[in-house]
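Here is a friendly note to read with the model open beside you. Please take the points in order and find each residue as you go.

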Amino acid sequence: TVSIPNGSTSIDEFAFYECSSLETLSIPDSVKSIGWYAFYRCTSLETVSMGNSVKSIGNNAFKEVKLNTLVSDVVFDRFIASYIPETLPTLKSVTIGSSVKDINTQAFQGCTALETVFIPPSVTAVAVDAFDGCTSLLQCHINNNKDVNSNGNYEVPSSHAQISAFYFYNCGSFLKTVTIPSSVLTIQYGSFYGTSIERLDI
């Protein structure tokens, strides 16, 4: 685990080059730039938390890194494909920080393993192609035969504190109503995109 000290403004070129044992990285809000090859071939790096001041990421800074979890207060155009390309088939969870206002074009395009995205209320615009090709995310996350009763009703489990982004994405006409318990405090972006639901019971 590496936590860059708060107050640091940059991470230099080759700073953690081939640190194969590095698993978790925390970059504070004070860091504005990440240099070329800074985390190149950190092959065990699975979790990155990136602060809100990062303005530039150098070429191959995260080359040959395969993330599972990304917590980020910055989102660039073609974010994953351009800066962390090997993560396209491995990234499973993304949490967007509360300082982000826009999720830009092709930001997470092609992240085929991405299952969960947490998008804060601060986000006011999401590019239409931001999640193109995210086949594990852009699908209906409930099972018609298992989760929905004969009347077409789905009851969100009381253990859920939120309904995640795209959770009911393109669920077919089998889904008529959704019952949301009092435990749910947040309904995320695009949760009901493409559905044919007739009623929400809250």
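**Notes on the pocket, cores and sheet**

1. Start with the largest pocket, which is lined by Val 126, Ala 127, Val 128, Phe 131, Asp 132, Leu 138, Phe 166, Tyr 169, Tyr 189 and Tyr 193. On a 1 Å grid over the protein atoms alone, a pocket is an open set of points where a 1.4 Å probe fits, with protein on both sides within 12 Å along at least five of seven lines, and lining residues have an atom within 4 Å of a point.

2. A word on what you are looking at: this is a predicted model, where local features need pLDDT of at least 70 and side-chain atom pairs count only at pLDDT 80 or more, while totals for chains, interfaces and linings use all residues. Residues are numbered from 1 along each chain as its sequence is written, and side-chain values use heavy atoms, with hydrogens and water left out.

3. What is the volume of the largest pocket? About 190 Å³. Its lining has nine nonpolar residues, no polar ones and one charged.

4. Next, look at the largest nonpolar core (buried Ala, Val, Leu, Ile, Met, Phe, Trp, Tyr and Cys residues joined through side-chain atoms within 4.5 Å; buried means under 20% relative accessible area, with a 1.4 Å probe and protein chains only). The core has 47 residues, and those touching the most other members are Ile 34, Phe 62, Ile 103, Phe 108 and Phe 131. Two or more residues come from each of strand 3 (24–27), strand 5 (47–50), helix 1 (79–83) and strand 8 (93–96). Another core of 13 residues lies apart from it, and includes Tyr 154 and Phe 192.

5. Phe 131 deserves a second look, as one of the pocket-lining residues. Beyond its neighbours within four places in sequence, Phe 131 is in contact (heavy atoms within 4.5 Å) with residues including Ile 103, Phe 108, Leu 138 and Phe 166.

6. Now for backbone angles. Most residues other than glycine have a negative phi. Phe 166, not a glycine, has a positive phi of about 65°. Is Phe 166 buried or exposed? Phe 166 counts as buried, at 6% relative accessibility. Tyr 37 also has a positive phi, about 55°, and is partly exposed (between 20% and 50%) at 23%.

7. Finally, find the open sheet of three strands, ordered 2-4-6 with parallel pairing. Strand 2 (10–11) and strand 6 (56–57) are at the edges with a single partner strand each, so one side of each has no neighbour in the sheet.

Terms used: Helices (H or I, at least four residues) and strands (E, at least two) are DSSP runs, numbered from the N terminus. Two strands pair if DSSP finds at least two bridges between them. Grid points are joined across faces, edges and corners, and a volume is the space filled by probe spheres set on the points. Ala, Val, Leu, Ile, Met, Phe, Trp, Tyr, Cys and Pro count as nonpolar, Asp, Glu, Lys and Arg as charged, and the others, Gly among them, as polar.
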